[in-house]
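Here is a short briefing to read alongside the structure. Keep the viewer open, and turn the chain around as each topic comes up.

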Amino acid sequence: MSRRTYDASRRQESAALTRTAVLDAARSLFVERGYAATTMGAVATQAGVATATAAAAFGGKAALLKQLVNIAIVGDDDPVPVRERQVAADVAATSDAHEQVALLAAFVTEAHGRLADLYDVMQQASGSDADVMADLQGHQQGRHEGMAEFVAHIDPDKLRMDAALAADIVWALTDPRLYTGLVREHGWTAEQYQTWLTEQLSAALLS
């Protein structure tokens, strides 16, 4: 290995560690203090880096929150969309509509467990930050597109309605605010939520 390659590897490793530290600090501060009270300076201090370094890595608070939400949805920092992940392959691999619904409910439950606190932050911040508002709207639009892709895998003969209406129903039933209300506010377990979601989706969608 040449010295140049070694130095590049060291820089990449250092950048990855910095990125992780900034993300961890931002998540903690956003949830504890709220969006408005969290500054990039505070994030940088908790992460142990310079403010300019934290800002350069993500571009500002709104971009940092958006990245945290994206990570929460899929569970990691890899830039791989849900449609290219294992859950999508599993849904496509079975023709059993009830199993497809169960797979979606399991994925949504895990995602919402990671997302709930950050989604609350995003909703609160959207009232005062135009960038966060745009990101929230983009998240909801992307979620609807994802649910339409899910519905497209179900045999149309097994649906109670057309695909467009089915996508609207899945989008509504999988809203993160329902998870927050049932699990965080009313004390349901994640298992109870997953069972409920599976039953609601099956009853609403499948003939």
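The points below go from the overall fold to the main pocket and then to two residues.

This is a predicted model. The protein has 10 helices and 0 strands, and its C-alpha trace spans about 60 × 45 × 30 Å along the principal axes.

**Overall fold**

- Following the sequence, you will meet the pattern α-α-α-α-α-α-α-α-α-α.
- The protein has 207 residues, and 40% of them count as buried.
- Among contacts with a separation of 6 or more, 66% are between residues 24 or more positions apart.

**Surface and charge**

- About 11,000 Å² of the protein is exposed, with carbon and sulfur atoms supplying 52% of that area.
- If you count charged side chains, there are 17 positive and 27 negative ones.
- The centres of these two sets of charges lie 9 Å apart.

**The largest pocket**

- The volume of the largest pocket is about 940 Å³.
- Its lining is made up of 37 residues.
- To find the middle of the pocket, look for Ile73, Val82, Gly142, Arg143 and Gly146, the lining residues that lie nearest its centre.
- Helices that each give at least two residues to the lining are α4 (61–74), α5 (86–93), α6 (97–126) and α7 (130–152).
- Helix α7 provides the largest share of the lining, with 10 residues.

**Tyrosine 119**

- You will find tyrosine 119 in helix α6.
- Tyrosine 119 counts as buried because its relative accessibility is 1%, and the cut-off for buried is under 20%.
- Beyond its neighbours within four places in sequence, tyrosine 119 is in contact with Leu136, His139, Gln140, Pro176 and Arg177.
- For a distance across the fold, take tyrosine 119 and alanine 26: they are 93 residues apart along the chain, and their C-alpha atoms are separated by 14 Å.

**Histidine 153**

- Histidine 153 sits in the loop between α7 and α8 (163–173).
- With a relative accessibility of 39%, histidine 153 counts as partly exposed, because that class covers values between the 20% and 50% cut-offs.
- Setting aside neighbours within four places in sequence, the contacts of histidine 153 are Val91, Ala92 and Gln100.
- One of these partners, valine 91, is 62 residues from histidine 153 in sequence, while the two are 7.1 Å apart in space, C-alpha to C-alpha.

How values were computed
Residues are numbered from 1 along each chain as its sequence is written. This is a predicted model: local features need pLDDT of at least 70, side-chain atom pairs count only at pLDDT 80 or more; totals for chains, interfaces and linings use all residues. Side-chain values use heavy atoms; hydrogens and water are left out. Helices (H or I, at least four residues) and strands (E, at least two) are DSSP runs, numbered from the N terminus. Buried means under 20% relative accessible area, exposed over 50%, partly exposed in between (1.4 Å probe, protein chains only). Contact means heavy atoms within 4.5 Å. Accessible areas come from the Shrake-Rupley method with a 1.4 Å probe; for residues, only the protein chains shown count as cover. Lys and Arg count as positive and Asp and Glu as negative; His and the chain ends are not counted. The place of a charge is taken as NZ of Lys, CZ of Arg, CG of Asp or CD of Glu. On a 1 Å grid over the protein atoms alone, a cavity is a set of points where a 1.4 Å probe fits but cannot get out, and a pocket is an open set with protein on both sides within 12 Å along at least five of seven lines; lining residues have an atom within 4 Å of a point. Grid points are joined across faces, edges and corners, and a volume is the space filled by probe spheres set on the points.
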